[in-house]
Amino acid sequence: MSAFVLVEVDIYDNEVYDEYKKLTPGSIEPFGGKFVIRGLPVEALEGEWKHDRLVLLEFPDRQKALDWYHSEAYKKAREIRAKGSSANFFIVG
């Protein structure tokens with residue numbers, strides 16, 4: 001069963017965040033991950049949306065998603081992301 005990683009992002013340095021975006025695709029592919037949503041405009045139909053970006057990743061299963069998040073390849077990207085943004089990550093499934 002697929003697992004999804006939902007990410008809410010607040011960006012405060014676009015140049016740094018662009019570097020992060022270059023590293024992420026290569027980090028998810030070895031774990032069978034793919035982007036479902038990547039930064040599309042978000043409109044709250046109910047409640048509030050207070051973030052700059054929304055990302056939804058799909059993985060073959062929960063363990064692959066966790067393995068990606070804790071991988072060395074993503075650790076490098078995560079360190080760069082932290083210099084230019086803050087984010088909330090959620091795993092579903």
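Hi everyone, let's start with a pair of residues: Lys 22 and Glu 19 both sit in helix H1, 3 residues apart, which is about one turn of the helix. Their side chains meet in a salt bridge, with 3.2 Å from N to O. In general, side chains of opposite charge can pair when their charged atoms come close. How many salt bridges does a search of the whole structure find? It finds 4. Please keep in mind that what we are looking at is a predicted model.

Now let's follow helix H1 to its partner. H1 covers residues 14–28 and helix H3 covers residues 72–84; their axes come within 8 Å and cross at roughly 160°. Angles over 145 degrees count as roughly antiparallel, and H1 and H3 are therefore roughly antiparallel to each other. The crossing of these two helices is left-handed.

Which residues make the contact between H1 and H3? On the H1 side, they are Val 16, Tyr 17, Glu 19, Tyr 20, Leu 23 and Ser 27. On the H3 side, you can look for Ala 73, Tyr 74, Ala 77, Arg 78, Ile 80, Arg 81, Lys 83 and Gly 84. Sorted by class, this contact has 8 nonpolar, 2 polar and 4 charged residues. Glu 19 is an old friend by now: besides being among the H1 residues that meet H3, Glu 19 is in the salt bridge with Lys 22.

Next, the sheet. It is an open sheet of 4 strands in the order S2-S3-S1-S4, with antiparallel pairing. The edge strands are S2 (34–38) and S4 (85–92), and each of them pairs on one side only. On average, neighbouring strands are turned by 20° against each other, direction ignored.

Let's walk across the sheet in order. S2 and S3 (residues 53–59) pair over 4 bridges, and Ile 37 has Leu 56 in S3 as its bridge partner. Moving on, S3 and S1 pair over 7 bridges; here Ala 3 is partnered by Phe 59 in S3. Finally, 8 bridges join S1 to S4, where Glu 8 stands opposite Asn 88 in S4.

So where do the helices go? H1 packs on the sheet and touches S1 (3–11), S2, S3 and S4, and its direction makes about 145° with that of S2. H3 lies across S1 and S4, running at about 135° to S4.

If you turn the model yourself, try finding Lys 22 and Glu 19 in H1, then move over to H3, whose axis comes within 8 Å of the H1 axis. Thanks for listening!

Conventions:
Residues are numbered from 1 along each chain as its sequence is written. This is a predicted model: local features need pLDDT of at least 70, side-chain atom pairs count only at pLDDT 80 or more; totals for chains, interfaces and linings use all residues. Side-chain values use heavy atoms; hydrogens and water are left out. Axes are lines fitted to C-alpha atoms, for helices over the stretch in contact, and angles run from 0 to 180 degrees between N-to-C directions. Angles under 35 degrees count as roughly parallel, over 145 as roughly antiparallel, 65 to 115 as roughly perpendicular and the rest as oblique. A crossing is left-handed if the near helix is turned anticlockwise from the far one by less than a right angle, and right-handed if clockwise. Contact means heavy atoms within 4.5 Å. Ala, Val, Leu, Ile, Met, Phe, Trp, Tyr, Cys and Pro count as nonpolar, Asp, Glu, Lys and Arg as charged, and the others, Gly among them, as polar. Two strands pair if DSSP finds at least two bridges between them.
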